[in-house]
Amino acid sequence: MDGHQTPRVAAVIGDPARHSRSPAIHNAALAATGIEWVFTAFEVPAGGGAAALEAMRVLRLAGLSVTMPLKAEVAEAADVRDDVVEVLGAANCILPLGDGRLRAANTDTDGFVSGLQADAGLEPEGLRVALLGAGGAARAVAWGMAAAGAAEVVLINRTPSKAQAAADIANAAGEAGQPGRVGSMDDIAAADVVVNATSVGMGADTSMPCDPTLLQPGQVAVDLVYEPLETAWLAALRQRGVEAHNGLSMLAYQAAAAFELWTGVEAPVEVMRQAAVADRTG
Ligand SMILES: NC(=O)c1ccc[n+]([C@@H]2O[C@H](COP(=O)([O-])OP(=O)(O)OC[C@H]3O[C@@H](n4cnc5c(N)ncnc54)[C@H](OP(=O)(O)O)[C@@H]3O)[C@@H](O)[C@H]2O)c1
């Protein structure tokens, strides 16, 4: 960097934002690729999404990562929305287009698919997926798996009306027909991949999103929760001989995709994953 220039700034916005692992993940990636930007966190409460995007324009921020509760607000306030953002009504990544306009993207969708490929070596084509939950994360996974060719995406949720909306999203994305439908716990046994996209099991919560005895060896389970890295559900599944993965890969791959959109440089995914783990234990 020229001695007279200050580094460009990128950030995560949300509430809370100070516990976010994004600064650790992105600063590690910036250091590894020799890009002299700084990545920080700004606490922006609900209702502040549009103002944060205005600040991004004025301050010429290089990129924004967006977390709860702002994903819908920034999707609405951006000038240009990717198709997936239009359908999901949520963006987790904002990038400047260079002409003053801001583009809203969603990298959670491909982040899940890439994580599944990396962790389990599974290609999405033809897979039967059972998704527990129907919130923002479930909708992103439903879109990502359906767009990548999953044969079936069954939505199982406490509130059935939300499950239908998420199934509709899978059908809108489906490359192979109409993969989305609302199901029940009875559908778990027939799935190749079972995903916990509910918030059950986060933090000190030791309850489980479904009875682990519904799964058998040969099936793959993914818990999107990454705090803790080993939820009670994952531990019980592993004890039964079920291949079980946590949400760290989705976290690393969605960040990697955002990094590439902002910088145009290939993301060092493994460095990013390790930074996420180190941030947690450090
Ligand atoms: N690994 C990653 O990169 C990544 C990315 C995004 C999110 N996540 C994780 O994914 C989880 C969900 O996030 P989100 O943004 O989708 O949250 P959200 O939009 O608030 O959705 C929460 C979902 O959990 C369900 N739920 C909550 N409490 C429940 C309970 N006691 N019993 C049954 N269902 C319950 C809700 O059901 P109702 O519809 O009935 O309320 C809803 O389907 C969180 O743990 C989050 O940390 C991980």
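This briefing covers the ligand site and one helix residue, Leu59. The model is predicted: local features need pLDDT of at least 70, side-chain atom pairs count only at pLDDT 80 or more, and totals for chains, interfaces and linings use all residues. Residues are numbered from 1 along each chain as its sequence is written, and side-chain values use heavy atoms, leaving out hydrogens and water.

**Shell around the ligand**
- The ligand is surrounded by 20 residues (each with a heavy atom within 4 Å of it).
- The closest are Ala137, Asn157, Arg158, Thr159 and Gly247.
- The shell splits into 10 nonpolar, 8 polar and 2 charged residues. Ala, Val, Leu, Ile, Met, Phe, Trp, Tyr, Cys and Pro count as nonpolar, Asp, Glu, Lys and Arg as charged, and the others, Gly among them, as polar.

**Backbone contacts and cover**
- A backbone N or O atom of Ala134 lies 2.9 Å from a ligand oxygen atom.
- For Gly136, the distance from a backbone N or O atom to a ligand oxygen atom is 3.0 Å.
- For Gly135, the corresponding distance is 3.5 Å.
- On its own, the ligand has 920 Å² of accessible area (Shrake-Rupley method, 1.4 Å probe), and the protein covers 74% of this.
- Helix 6 (136-147) and helix 9 (248-263) are the elements that give two or more residues to the shell. Helices are DSSP runs of H or I with at least four residues, numbered from the N terminus.

**Leu59**
- Leu59 sits in helix 2 (residues 49-59).
- Its relative accessible area is 56%, so Leu59 is exposed (over 50%, with a 1.4 Å probe and protein chains only).
- Leu59 and Ala244 are 185 residues apart in sequence, and their C-alpha atoms are 43 Å apart in space.

How values were computed. Buried means under 20% relative accessible area, exposed over 50%, partly exposed in between (1.4 Å probe, protein chains only). A polar contact is a pair of N or O atoms within 3.5 Å; within protein, one must be able to donate a hydrogen and the other to accept it, and residues adjacent in sequence count only if both atoms are side-chain atoms.
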